[in-house]
4 protein chains.
Amino acid sequence: MARGTEVAKDRVEALTDGIFAIAMTLLVLSIGVPSVPAELSPDVVLPGLVLGLWPQILACAIAFLVLMSFWLGHEQLFGLVARLDRPFVNLNLITLLGIVFVPFSSALTSDYGSARIAIWVFAANLAAIGLLYGAQRYYLVRHPNLLHAPITPAEARLGYARSLCSPAAALLAVLLSFPAPDLSSFSYLLIPVFLAAIDHMWSR
Amino acid sequence: MARGTEVAKDRVEALTDGIFAIAMTLLVLSIGVPSVPAELSPDVVLPGLVLGLWPQILACAIAFLVLMSFWLGHEQLFGLVARLDRPFVNLNLITLLGIVFVPFSSALTSDYGSARIAIWVFAANLAAIGLLYGAQRYYLVRHPNLLHAPITPAEARLGYARSLCSPAAALLAVLLSFPAPDLSSFSYLLIPVFLAAIDHMWSR
Amino acid sequence: MARGTEVAKDRVEALTDGIFAIAMTLLVLSIGVPSVPAELSPDVVLPGLVLGLWPQILACAIAFLVLMSFWLGHEQLFGLVARLDRPFVNLNLITLLGIVFVPFSSALTSDYGSARIAIWVFAANLAAIGLLYGAQRYYLVRHPNLLHAPITPAEARLGYARSLCSPAAALLAVLLSFPAPDLSSFSYLLIPVFLAAIDHMWSR
Amino acid sequence: MARGTEVAKDRVEALTDGIFAIAMTLLVLSIGVPSVPAELSPDVVLPGLVLGLWPQILACAIAFLVLMSFWLGHEQLFGLVARLDRPFVNLNLITLLGIVFVPFSSALTSDYGSARIAIWVFAANLAAIGLLYGAQRYYLVRHPNLLHAPITPAEARLGYARSLCSPAAALLAVLLSFPAPDLSSFSYLLIPVFLAAIDHMWSR
């Protein structure tokens with residue numbers, strides 16, 4: 001590799017782990033502490049207000065699980081990689097741009113969970129991240145010199161299938177947003193199920 | 001271990017340390033700078049307003065000490081571990097979901113420290129984290145292949161006792177919330193005392 | 001090097017990666033979730049409000065790309081460095097002061113993209129960071145004992161050219177702010193183009 | 001050292017670097033983007049509002065420089081340490097509790113820079129951190145088994161002098177708060193001067 005074009009893998013991992021850690025922790029900032037009007041007793045009013053946060057807490061937990069899946073995908077992908085070149089790092093950083101938008105699009109669904117535009121923005125965000133992961137995998141398949149060991153065609157197919165889990169769940173969420181917007185965010189709970197099924201096929 | 005199922009320990013540690021660092025630092029965001037009405041002099045009004053922040057500063061310090069105990073527990077647990085498999089990492093990441101909720105539940109007790117629902121939400125959060133630590137320990141006891149050295153039954157008992165410190169303190173906080181809600185948060189100060197007692201028994 | 005004057009390189013990198021990760025993630029906090037008046041239906045009003053966030057999302061994405069370029073520049077610079085002395089670390093930390101201001105100056109352009117003062121503050125921030133990178137390079141050229149291998153005059157010239165990319169783009173943004181303030185932020189998209197051109201010259 | 005009482009140094013460093021990175025970046029969140037009333041033109045009003053942020057930007061820069069000094073002090077201290085025991089880690093984590101309060105106490109001086117209570121809270125925070133650093137040094141002097149090499153009495157004296165720089169600057173700020181509150185925050189700019197003088201004495 002030409003001098004000056006290789007990028008230190010441990011620093012890309014440190015930046016990535018930092019951005020994931022912050023995005024995962026910021027999710028919870030969208031759950032505001034409810035404010036009790038001064039003339040009312042917190043002991044009377046607060047239980048109802050806290051229970052009313054349930055949709056926001058659920059949206060936050062789902063977004064956390066999705067980010068957790070993406071982080072595991074990044075760890076799995078970088079486990080294959082021995083060295084990084086500039087185009088691959090650029091792809092990786094653009095993917096992180098998708099990750100930093102998750103606290104925003106999650107807050108949108110958290111506040112307006114039954115509004116279709118909120119569902120679509122969250123779905124578009126997650127689908128874009130999944131497709132960028134797919135692009136990273138495609139780049140690695142085409143540049144085996146970056147890898148510890150070449151990716152076999154069977155491994156490549158399983159890898160692309162992993163990258164399509166979140167776009168597939170996002171598509172399902174968009175389809176569900178027409179008949180049942182309140183249920184659409186549950187489609188993201190299928191991502192770990194999809195991934196576990198693919199891992200099961202992989203290990204056979 | 002089957003290929004593709006091991007997860008890099010240093011990256012899980014980096015994500016964990018990042019999430020703890022952010023959660024610990026976000027605690028202080030719940031202490032808002034008091035606003036002095038424009039027609040009043042800050043030198044006259046501000047001292048009282050700053051002293052009035054005392055309960056919030058105390059809630060923040062207690063939550064910091066609790067997170068500090070959990071972080072030390074994670075460091076102690078990962079010191080035993082030689083390699084990580086997927087189910088253990090999933091357990092670990094779910095525990096982090098509990099950690100990211102601490103700034104929210106701490107802000108709730110910070111704003112409404114004497115409201116029972118706030119005390120209960122904070123207690124439930126900390127008890128859940130402690131139980132998830134216990135589940136991690138149980139998984140390690142059952143999977144000695146992940147460890148540097150097998151855990152003896154005596155070590156396992158002490159480990160479970162460590163994991164039960166925060167649920168025990170949370171239970172005490174809930175019980176105290178009936179007669180003396182203002183005192184209940186002090187029960188968490190027992191966590192380091194409990195842990196030191198267990199460490200003392202361990203080192204004998 | 002005298003005892004006590006060397007600074008651990010891995011810790012400066014960890015602090016730097018942490019600050020970049022947080023600054024990149026905080027950018028998105030300036031995009032607030034729009035609030036729908038209670039008497040209106042989110043499904044009717046929200047699509048327009050979300051589309052109205054377009055300039056803020058664009059400002060956030062541009063600031064992310066600029067921070068990404070600076071992070072890559074830091075990684076490239078530290079790839080040359082074998083050890084750090086105090087003055088170089090001080091220069092590096094002052095540069096980080098410039099980085100932590102980016103979420104603020106980016107939020108200013110995000111909210112008031114066509115106001116000249118906002119364009120100028122953002123431009124001054126990015127130009128200052130670029131000039132501080134140039135100062136770091138100058139210090140390294142003068143202190144080859146810190147480097148893995150001495151920097152040749154040709155490499156030094158290319159390095160200074162890299163450091164001048166963001167001041168040049170900032171100058172262009174300021175000039176564009178008079179005839180066409182709405183277009184000026186696009187000048188920052190030239191930074192990766194400039195850098196790629198320099199890298200192309202380097203690799204020849 | 002007894003089994004289970006040693007704490008991994010790299011993880012304490014990672015947590016510390018993370019907390020410093022976040023605290024340094026959060027400082028800038030206290031500089032809010034000024035809001036221009038809807039009926040006024042941003043091009044007319046915003047320049048004055050941005051110039052009016054000058055005291056807040058200065059407070060943020062001073063707090064950044066102070067945190068930078070503390071971070072360098074931590075790096076210098078941990079450079080001496082070969083292994084960590086529980087009491088030292090507990091001291092270290094309590095010091096981090098002081099660090100996470102800096103964004104709050106800095107925001108207080110940023111908003112009410114001429115109010116004595118704000119000056120005193122900031123001074124108390126920084127003095128407490130400095131004294132906790134001194135306590136860490138004292139612990140290390142008494143536990144040479146934790147060190148790469150024993151600390152000589154002359155080195156110990158210089159180390160204590162370093163730890164007293166921020167309490168000394170804080171005391172000066174408190175004294176200045178009576179005749180000239182607006183100038184008192186500049187006393188913190190003496191911390192790097194004090195430290196450089198001590199380093200100069202050290203290297204002789």
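These legends accompany close-up views of a predicted model.

**View 1. Chain C laid on chain D.** Let's start with how two of the copies relate. A turn of 90 degrees and a shift of 0.0 Å along the axis lay chain C on chain D with an RMSD of 0.0 Å. That is the relation of a four-fold axis. Look for G18(C) here: of the residues of chain C, its C-alpha comes closest to the rotation axis, at 4.2 Å. Only 11% of the interface residues of chain C are also interface residues in chain D, so the copies meet through different surfaces.

**View 2. The side of chain C that touches chain D.** In this contact, 28 residues of chain C meet 27 residues of chain D. Four helices of chain C each supply at least two residues to this side: α1 (9-26), α4 (86-100), α5 (102-111) and α6 (116-142). α1(C) gives the most, with 8 residues. Sorted by class, this side of chain C has 22 nonpolar, 3 polar and 3 charged residues.

**View 3. The side of chain C that touches chain A.** Now turn to the other partner in this set of views. Here 27 residues of chain C are in contact with 28 residues of chain A. The elements of chain C that give two or more residues to this side are α1, α2 (42-51), α3 (54-80) and α9 (190-203). The largest share, 9 residues, comes from α1(C). By class, the side of chain C that touches chain A holds 18 nonpolar, 5 polar and 4 charged residues.

**View 4. Pairs of chains without a contact.** No contact joins chain B and chain C, and their closest C-alpha atoms lie 8 Å apart. Chain A and chain D do not touch either, with their nearest C-alpha atoms 8 Å apart.

**View 5. Helix α1 of chain B against helix α1 of chain D.** The two helices, each spanning residues 9-26, pack at an angle of about 45 degrees, with their axes 8 Å apart. That makes α1(B) oblique to α1(D). The crossing of α1(B) past α1(D) is right-handed. To find the contact on α1(B), look for residues including E13(B), A14(B), D17(B), G18(B) and F20(B). On α1(D), the residues taking part include R11(D), A14(D), L15(D), G18(D) and I19(D). The residues of this contact divide into 11 nonpolar, 3 polar and 3 charged.

**View 6. Helix α5 of chain D and its neighbours.** Helix α5(D) covers residues 102-111 and is mostly covered, with 10 of its 10 residues buried. Among them are V102(D), P103(D), F104(D), L108(D) and D111(D). Follow these buried residues outward and you meet the elements they pack against: α1, α3 (54-80), α4 and α6 (116-142) of chain D.

**View 7. N92 of chain D.** This residue sits in helix α4 (residues 86-100) of chain D. Is N92(D) buried or exposed? N92(D) has 23 other C-beta atoms within 10 Å, and a residue with 20 or more counts as buried, so N92(D) is buried. Leaving aside residues up to four places away in sequence, N92(D) touches V12(D) and Q136(D). T16(D) is also worth finding in this view: N92(D) and T16(D) are 76 residues apart along the chain, while their C-alpha atoms are separated by 8.8 Å.

Key. Residues are numbered from 1 along each chain as its sequence is written. Chains are lettered from A and ligands numbered from 1 in the order in which they are written. This is a predicted model: local features need pLDDT of at least 70, side-chain atom pairs count only at pLDDT 80 or more; totals for chains, interfaces and linings use all residues. Two residues are in contact if their C-beta atoms, placed from the backbone, lie within 7 Å. Ala, Val, Leu, Ile, Met, Phe, Trp, Tyr, Cys and Pro count as nonpolar, Asp, Glu, Lys and Arg as charged, and the others, Gly among them, as polar. A residue is buried if 20 or more other C-beta atoms lie within 10 Å of its own, exposed if 12 or fewer, and partly exposed in between; C-beta atoms are placed from the backbone. Copies are superposed by least squares on the C-alpha atoms of residues with pLDDT of at least 70 in both. Axes are lines fitted to C-alpha atoms, for helices over the stretch in contact, and angles run from 0 to 180 degrees between N-to-C directions. Angles under 35 degrees count as roughly parallel, over 145 as roughly antiparallel, 65 to 115 as roughly perpendicular and the rest as oblique. A crossing is left-handed if the near helix is turned anticlockwise from the far one by less than a right angle, and right-handed if clockwise.
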